[in-house]
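Q: Please take a close look at the empty space enclosed in this structure, beginning with what surrounds it, and then set it beside the open pockets.

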Amino acid sequence: MFNNLNVALYVSGSIAAYKSLTLARDLIKQGANVRVIMTNSAQLFVTPLAFQTLTKNKVFTDISEEPDEKEITHINIAKWSDISLIAPATANFISKIANGIADDAASTTLLATSGKKVLVPAMNDNMWNNPATIRNINTLKNDGIIIFSPTKGYLAEGYSGKGRMIEPELIIEKMESKLSNNHLLEGKRVIVTAGGTRESIDPVRYISNNSSGKMGYAIADAAINAGADVTLISAPSKLNANYKARLISVNSSADMENAIKDNFYQSDILIMAAAVSDYKPVSYSDQKIKKNDDNLVIKLSRTNDILKEIAKIKSDQFVVGFAAETQNLIENAKSKLQHKNLDMLVANDVSGDKVGFNSDNNKVYFIDNNGIISQTGIESKQKISNDLIKLISERIDK
Ligand code: CTP
């Protein structure tokens, strides 16, 4: 993925700057062209000469320094870069770029850059947890900047805390998984459903399930990173949708079915990650149900199976379902694939508490009509989403 890729490496003033020497060297080893931009405080930790020696390129440190009067260095670097990698990113530097401040070589070049940006923070744990930093990080996420959060480990302060920059090897691995799907779904219109639907009993009560929406939201991110035009149809979830997605918020399974049908004809791919209620109350009470001394019996009726309904109107769209199982995983999943007329199914075992519902991780089998395509270990939902997008892209007409 890095072969001939132009990487602008921004180094700001943290002790973790020494690790960026290894990062620059490893990127070059992978075939990247690297140019380094340093803040003044970064130069107190590592010298520009060290980066220059490794990258064979002059390091940009001073906005007033223009060796060639016909060139504007910060605009040139901004245009040249395929990816901007900010590592380490200090709390101060993060705060500057979250607010569009351009007062040195690094912040000015970054503000002039429209391409993909990856930010790798390093700081004291209290600084990382400070509401101002949290606000700035959220702003940058909403601006489409990819953040590789710090890890918990031994800090320069002499104790262990969350603030340590992740290791260069992991930065490269994560960049590969985040960015390598770049154009796989270019021009494709993708519907992703997420979250657990709610079936109302009365104005204040409903039946729902434990779905957090994490899987569907991660798939929406992965599809967007792959260049797709994404409509995210989401049942209630606490998560923030990717700002590039067209978000349609729904409550019940009937709302979700309507929203999908409204958009399905114009779409190429449907990924049904939502946990749709299978039952709903037969009748809805307009008023809040009052308690009395008897048991309360709520009669439930079946909701529509949305995927089965979609199968009836499907033409050449590629439809992916999920199967949440607690037993006979493969057998049940294969039968769902067939009777819901799906092109692919992601089967996960939700019996454990380490993966599946509400967790950040999952462990799945990808299945199509020829059988099991592949099986993952316990992986982040982001990684599983990237794998899914890759598999879909290999199976659709381009
Ligand atoms: N699904 C759907 N409509 C429903 C229920 C589920 O479209 N009323 C979709 C889910 O979004 C998922 C797939 O069907 O992609 C399988 O969901 P799952 O809950 O595993 O299976 P069910 O079909 O509901 O079967 P069961 O609960 O009996 O396992």
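A: Sorted by class, the lining of the largest cavity in this predicted model comprises 2 nonpolar, 3 polar and 2 charged residues. These residues are Lys 178, Ala 218, Asp 221, Ala 222, Asn 225, Gln 382 and Asn 386, and the space that they line amounts to about 40 Å³. A search of the whole structure for cavities of 30 Å³ or more finds 1. Two helices, H10 and H14, each supply at least two residues of this lining, and H10 gives the most, with 4 residues.

Some of these names return in the largest pocket, which has a volume of about 1800 Å³. Its lining is made up of 49 residues, and those closest to its centre are Lys 141, Ile 145, Ile 147, Lys 178 and Asp 221; Lys 178 and Asp 221 are also among the residues that line the largest cavity. The elements that each supply at least two residues of the lining of the largest pocket include helices H6 (105-111), H8 (131-142), H9 (168-179), H10 (214-225) and H14 (381-395), together with strands S4 (116-121), S5 (146-147) and S21 (379-380). H10 and H14 thus appear here as they do in the lining of the largest cavity, although in the largest pocket it is H8 that gives the most, with 7 residues. By class, the lining of the largest pocket has 18 nonpolar, 15 polar and 16 charged residues.

The position of the largest pocket can be read from the domains: because domain 1 (6-179) and domain 2 (189-397) both give residues to its lining, the largest pocket lies between them.

The second largest pocket holds about 740 Å³ of space and is lined by 36 residues, with Ala 274, Ala 275, Val 276, Phe 322 and Ala 324 lying nearest its centre. H10 takes part here too, since H10, helix H12 (306-313), strand S16 (318-325) and helix H13 (329-339) each supply at least two residues of the lining of the second largest pocket. The residues of this lining divide into 15 nonpolar, 14 polar and 7 charged.

Taken together, H10 supplies at least two residues to the lining of the largest cavity, of the largest pocket and of the second largest pocket, whereas H14 is named for the largest cavity and for the largest pocket.

Methods. Residues numbered from 1 in each chain as written. Predicted model: local features only at pLDDT ≥ 70, side-chain atom pairs only at ≥ 80, totals over all residues. Heavy atoms only, no water. 1 Å grid on protein atoms, 1.4 Å probe; cavity = no way out; pocket = protein on both sides within 12 Å on 5 of 7 lines; lining within 4 Å. Points joined across faces, edges and corners; volume = space filled by probe spheres on them. Nonpolar A, V, L, I, M, F, W, Y, C, P; charged D, E, K, R; others polar. Domains from an automatic or database assignment.
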